[in-house]
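Thanks for sharing this one. Here are my notes, as numbered points, for you to read with the model open beside them.

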Amino acid sequence: LSGEPPTFKIAMLGSPAVGKSALSFQFTTSDHICGYDLSLEMEYGQKTVSVLVDDVESDIEVVDHPACEMSTEAFCATYDIDLFVVVYSVLDVYSFRNAERVLHYLRENDMLLSRGAILVGNKADLERHRAVPQEMGHKVATEIPCKFIETSAGLCHNVNELLVGVVAQVKLNPQRL
Ligand code: GDP
Ligand code: MG
């Protein structure tokens, strides 16, 4: 078997300031998750994590959507994405509505037929300022359907669990391998 390990591309989508970059940074600095070997490699402008899944090495590249520069639509058409991580802030109802809109857009454009999506409610550490109840996230995720998790990139809460969810999708979608 030859050469370069396959690359699995995950996109971080969502409104500005919800924590996409903070979560990407946490992914690419975790050095272990539940029994998987990770080796980290960060190059300028790109973030890659290598994971060993059932003795097969895969590279996971995190593509952070520059929301100010490119529409979600243009972004999805430009990059060949394998998994969509759609992030909102539990403090910000507008960002939740936008995440819902992005998931509907992906589903309506048949982009979820052979690819997964994970809805992420970030900033769960700021419970006192919460504006989006957890049930609202669950409800949208059930309806799409996709996975759902609340995280805190700030406290590194549930970030490994989210990465485990990403790795599970790598295992489910071996078409690129
Ligand atoms: P992006 O625009 O979606 O990439 O958002 P950033 O990752 O740049 O984060 C925006 C702001 O939210 C920054 O000031 C982060 O420090 C802060 N932030 C990100 N994640 C969390 C979190 O989980 N909890 C808290 N309290 N702040 C966060
Ligand atoms: Mg960012």
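1. Let me begin with Ala17, which sits in the loop between β1 (7–14) and α1. This is a predicted model, and in it Ala17 takes a positive phi of about 70° although it is not a glycine. Most residues other than glycine have a negative phi, so the spot deserves a look. Ala17 is partly exposed, because 14 other C-beta atoms lie within 10 Å, whereas a buried residue would need 20 or more.

2. Which other non-glycine residue has a positive phi of about 70°? Lys123 does, and Lys123 belongs to the loop between β7 and α4. Its surroundings can be put in one number: Lys123 has 26 C-beta neighbours inside 10 Å and therefore counts as buried.

3. Asn122 lies in strand β7. With 29 C-beta neighbours inside 10 Å, Asn122 counts as buried. Leaving aside residues up to four places away in sequence, Asn122 touches Val18, Gly19, Leu23, Val87, Ser89, Thr151, Ser152 and Ala153. Take Ala153 from that list: Asn122 and Ala153 are 31 residues apart in sequence, yet their C-alpha atoms are 7.0 Å apart in space.

4. Is Arg128 buried or exposed? Arg128 is exposed, because it has 6 other C-beta atoms within 10 Å, and the limit for exposed is 12 or fewer. Arg128 is placed in the loop between β7 and α4. From its C-alpha to that of Leu91 the separation is 9.1 Å, with the two positions 37 residues apart along the chain counted as their distance in sequence.

5. Now the ligand. The shell around ligand 1 holds 14 residues, and the closest are Gly19, Lys20, Ser21, Ala22 and Gly154. Which element gives the largest share of this shell? Helix α1 (residues 20–27) does, with three residues. By character, the shell residues divide into six nonpolar, five polar and three charged.

6. Helix α1 also has an inward side. Lys20, Leu23, Ser24, Gln26 and Phe27 are its buried residues. Viewed down the axis of α1, these buried residues fall within an arc of 160°, so they line one face of the helix. Lys20 thus appears in two lists, as one of the closest residues to ligand 1 and as a buried residue of α1.

7. For the overall layout, the protein chain has five helices and eight strands. Their order along the sequence is β-α-β-β-β-β-α-β-α-β-α-β-α. The chain has 177 residues, and buried residues make up 36% of them. Among contacts between residues at least 6 apart in sequence, 70% join residues at least 24 apart.

8. The largest nonpolar core contains 43 residues, of which Phe84, Val85, Val86, Val87 and Leu119 touch the most other members. In soluble globular proteins, nonpolar side chains tend to be buried together. What does Leu119 touch, not counting residues up to four places away in sequence? Its contacts are Val86, Ala99, Leu103, Gly137, Val140, Ala141, Cys146, Lys147 and Phe148.

9. Three of those contacts lead to helix α4 (residues 134–143), where Gly137, Val140 and Ala141 are buried. Seen down the axis of α4, the buried residues fall within an arc of 100°, so they line one face of the helix. An α-helix has 3.6 residues a turn, so residues three or four places apart point the same way. The cover over the buried residues of α4 includes α3 (93–108), β7 (116–122) and β8 (147–150). On the face turned away from the buried side, α4 carries the exposed residues Glu135, Lys139, Thr142 and Glu143.

10. Please check the peptide bond between Ile144 and Pro145: it is cis, with omega about -10°. Most peptide bonds are trans. Pro145 is found in the loop between α4 and β8.

11. Last comes helix α5 (residues 159–172). Its 14 residues reach 20 Å from the first C-alpha to the last, close to the 20 Å expected at 1.5 Å a residue. In α5, the buried residues are Val159, Leu162, Leu163, Val166, Val167, Gln169 and Val170. Down the axis of α5 they fall within an arc of 155°, so they line one face of the helix.

Methods. Residues are numbered from 1 along each chain as its sequence is written. Chains are lettered from A and ligands numbered from 1 in the order in which they are written. This is a predicted model: local features need pLDDT of at least 70, side-chain atom pairs count only at pLDDT 80 or more; totals for chains, interfaces and linings use all residues. A residue is near a molecule or strand if its C-beta atom, placed from the backbone, lies within 6 Å of it. Helices (H or I, at least four residues) and strands (E, at least two) are DSSP runs, numbered from the N terminus. Ala, Val, Leu, Ile, Met, Phe, Trp, Tyr, Cys and Pro count as nonpolar, Asp, Glu, Lys and Arg as charged, and the others, Gly among them, as polar. Two residues are in contact if their C-beta atoms, placed from the backbone, lie within 7 Å. The arc is that of the directions from the helix axis to the C-beta atoms. The expected span of a helix is 1.5 Å times one less than its number of residues. A nonpolar core is a set of buried Ala, Val, Leu, Ile, Met, Phe, Trp, Tyr and Cys residues joined through C-beta atoms within 7 Å.
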